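Here is a short tour for the bench, to be read with the model open beside you. Take a look at the structure first, and then we can walk through a few of its details together.

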Amino acid sequence: MMKIIRHQLWNQRRQNGWIFVELVVVSFFLWTVIDPIYVLTSNLAIDPGYNEERAYALYMEYYDELHGKYDKTQDSTAIKQENLYRITRLVKNCPEVESFALVTSASFPNSSSWNGAEYFNDTLKVHSQYYQFVQTEGGDVFRTYGMKDAKSGQIMSLPEDCAAREGVFITERMAEELFGTTDAVGKRVRYNDSTFHEVMGVLQDYKHRINEQPGNLLIQVNSKVGNHSWIQWMYMLTFKLKPNVDVPTFEKRFKAEVVPQLNVGNFYFTKLGRFADIRHKYENESGVTNTLRLQYSLAGFALLCVFLGMVGTFWIRCNARRQDIGLMRSMGATKKVIRNQFLMEAWLLVTIAFVVSLPLTMHRIYVSGFANPSENGNPVYWQNQPLTHFLIVSILAYIVLLIIALLGTYAPVTRAAKILPAEALRDE
């Protein structure tokens, strides 16, 4: 049958030429549409290294000197520190709260801020994001965020004397880059100020923002709120509810009973943000959601064009070959044989066109720098391996194009194969 199909396609090369060109163009376009979808979806699918379920961030603001409610007597650094601790205790004492963490405003997932610094192991240097956590009032950042130990897979334990020993925690990737191994507990990390800090745990890789890949992260554990005049803008409270708590009921009670007590000194409550809502807000504001919608829309439009083109083209081809179909039926060919022959023709056209489009695709992505590994890309992930990445996207584009082409061919061929031989040959 394959020999017959090849001859058939060659004999009708003029009629097939324009659809072949269309398939080449669509193959190229479909690859460029599927590629960002693959990358974004793959990045979103990576384990973020934390659990946002039942987790909250407490947003507070601070009256300044221009506000009518500003109290100058409450504006000293020591009083601001104590007021922060008081707010922490108010949340800690809520019966629904399982754990909490007093952190800086850049130290929770999908926050709008980002802090980074350089860290050293002898002369080896890496750049890393860092979180700052205040180990006070029994707070535990790992239980609150659901961050796990790289070795055991359990929630990372926080030693009671961690802050006193100026301990730090780092992620797997950072441990590999600094020490060449994830077995880094007990080793020391040096900051730019030449102070050394003991690594007290290695965390599973962590994503600060949901659409990104895991990067280096260091968690610095402090014993108290910093002695800065701007601490009211620097710190905030995060917490997690117990498993069986009814969330809507808690939020209603919290706003009615706890919020009025949170107006301490010049601090005042603004909102309670669920980690999931913070993530959705970041996705919308950063363009992640819109990018995915745009790419899905482009892919849908491309597939619709291919489908309509294939249906129209093969409908015309089938009508033009009524005599051929009638002759095949008169010689004993079944409907299934005729249908399979036309589907094989469509498969061969798609396959050849897709192969022809690959050099064009390769040239385009090479010029765009695709073949150069990302500076911060972790080679563990397939989307950061140029050859594997190219092959996966190519296979996906080919499969999608082939499915649409076969679906667009099936309907007109099935209809044409049902006609009687006498009717198909009446004009012969």
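## Helix α5 and its packing

This is a predicted model. A good place to begin is helix α5, whose buried residues pack against β3 (116–121), β4 (124–134), β5, β6 (188–190), β7 (196–203) and β8 (217–222). Which residues of the helix are buried? Within α5, which covers residues 172–179, they are R173, M174, A175, L178 and F179.

A general point helps in reading that list: an α-helix has 3.6 residues a turn, so residues three or four places apart point the same way. Just after α5 comes G180, with a positive phi of about 75 degrees.

## A buried aspartate

Now let us turn to D149, found in the loop that runs between α4 (141–145) and β5 (168–171). D149 is buried but makes no salt bridge. K151 is the nearest side chain of opposite charge, and it sits 6.9 Å away.

What does the side chain of D149 reach? It comes to 2.7 Å from the backbone nitrogen of K151. If you set aside neighbours within four places in sequence, the contacts of D149 are Q154, I155, M156, V202 and Q204.

## Cysteines

How many disulfides does a search of the whole structure find? The count is zero.

Two cysteines are worth finding in your viewer. C94 has 6% relative accessibility, and because buried means under 20% relative accessible area, it counts as buried. C162 is buried too, at a relative accessible area of 0%.

Terms used: Residues numbered from 1 in each chain as written. Predicted model: local features only at pLDDT ≥ 70, side-chain atom pairs only at ≥ 80, totals over all residues. Heavy atoms only, no water. Helix = DSSP H or I, 4+ residues; strand = E, 2+ residues; numbered from the N terminus. Buried < 20%, exposed > 50% of the residue type's maximum accessible area, 1.4 Å probe, protein only. Lys, Arg positive; Asp, Glu negative; His and termini not counted. Salt bridge = Lys/Arg side-chain N within 4 Å of Asp/Glu carboxyl O. Polar contact = N/O pair within 3.5 Å; in protein donor to acceptor, adjacent residues only side chain to side chain. Contact = heavy atoms within 4.5 Å. Disulfide = S-S within 2.5 Å.
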